[in-house]
Amino acid sequence: KVSVSDGTWLEGTFEDGVLIKGKGKTLDKYGTVYVGDIKNGFPHGQGKCTYTDGTWFKGNFANGNRMDGVHYAADGKVIKVYQK
């Protein structure tokens, strides 16, 4: 497990400094927080992204991309449902 002072963490199997399989909490340069499954350094599997405007997406990711799940407004109302 690797923890960073900004609150991010990664846990699982690493190869050459990249989390190739595991779970984590990441923060990108735009302030987006991701918590969930990670594969080869990218969100992959179940997870949740919370954006700086208060909206969030919860569902499945593949290679860093949202796949199926729901995007919510800051007040909890559904913005969009994504399906494969």
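**His 71 and the eight-stranded sheet**

His 71 lies in strand β7, which spans residues 65–72. The model is predicted. His 71 has a relative accessible area of 13%. This residue therefore counts as buried, since the cut-off is under 20%. Its side chain makes a polar contact of 3.4 Å with the side chain of Thr 55. Beyond neighbours within four places in sequence, His 71 is in contact with several aromatic residues, namely Tyr 51, Trp 56, Phe 57 and Tyr 82. Thr 55 is also on this contact list, as are Val 78 and Ile 79. Arg 66, Lys 77 and Lys 80 complete the set.

Strand β7 belongs to an open sheet of eight strands. The strand order is β1-β2-β3-β4-β5-β6-β7-β8, and the pairing is antiparallel. Strands of a sheet pair through backbone hydrogen bonds. The edges are formed by β1 (2–3) and β8 (78–82), each of which pairs on one side only.

At the β1 edge, two bridges join β1 to β2. Strand β2 covers residues 9–15 and runs antiparallel to β1. Within this pair, Val 2 stands opposite Leu 10 of β2.

Val 2 also contributes to a nonpolar surface patch, together with Val 4 and Phe 14. The accessible area of the three residues together is about 220 Å². Phe 14 is placed in strand β2. Its relative accessibility is 32%. Phe 14 is therefore classed as partly exposed, because this value falls between the limits of 20% and 50%. His 71 in β7, by contrast, is buried.

Key. Residues are numbered from 1 along each chain as its sequence is written. This is a predicted model: local features need pLDDT of at least 70, side-chain atom pairs count only at pLDDT 80 or more; totals for chains, interfaces and linings use all residues. Side-chain values use heavy atoms; hydrogens and water are left out. Two strands pair if DSSP finds at least two bridges between them. Helices (H or I, at least four residues) and strands (E, at least two) are DSSP runs, numbered from the N terminus. Buried means under 20% relative accessible area, exposed over 50%, partly exposed in between (1.4 Å probe, protein chains only). A polar contact is a pair of N or O atoms within 3.5 Å; within protein, one must be able to donate a hydrogen and the other to accept it, and residues adjacent in sequence count only if both atoms are side-chain atoms. Contact means heavy atoms within 4.5 Å. Patches are made of residues with over 30% relative accessible area and no salt bridge: like charges are joined within 9 Å, nonpolar side chains (Val, Leu, Ile, Met, Phe, Trp, Tyr) within 5 Å. Accessible areas come from the Shrake-Rupley method with a 1.4 Å probe; for residues, only the protein chains shown count as cover. A salt bridge is a side-chain nitrogen of Lys or Arg within 4 Å of a carboxyl oxygen of Asp or Glu.
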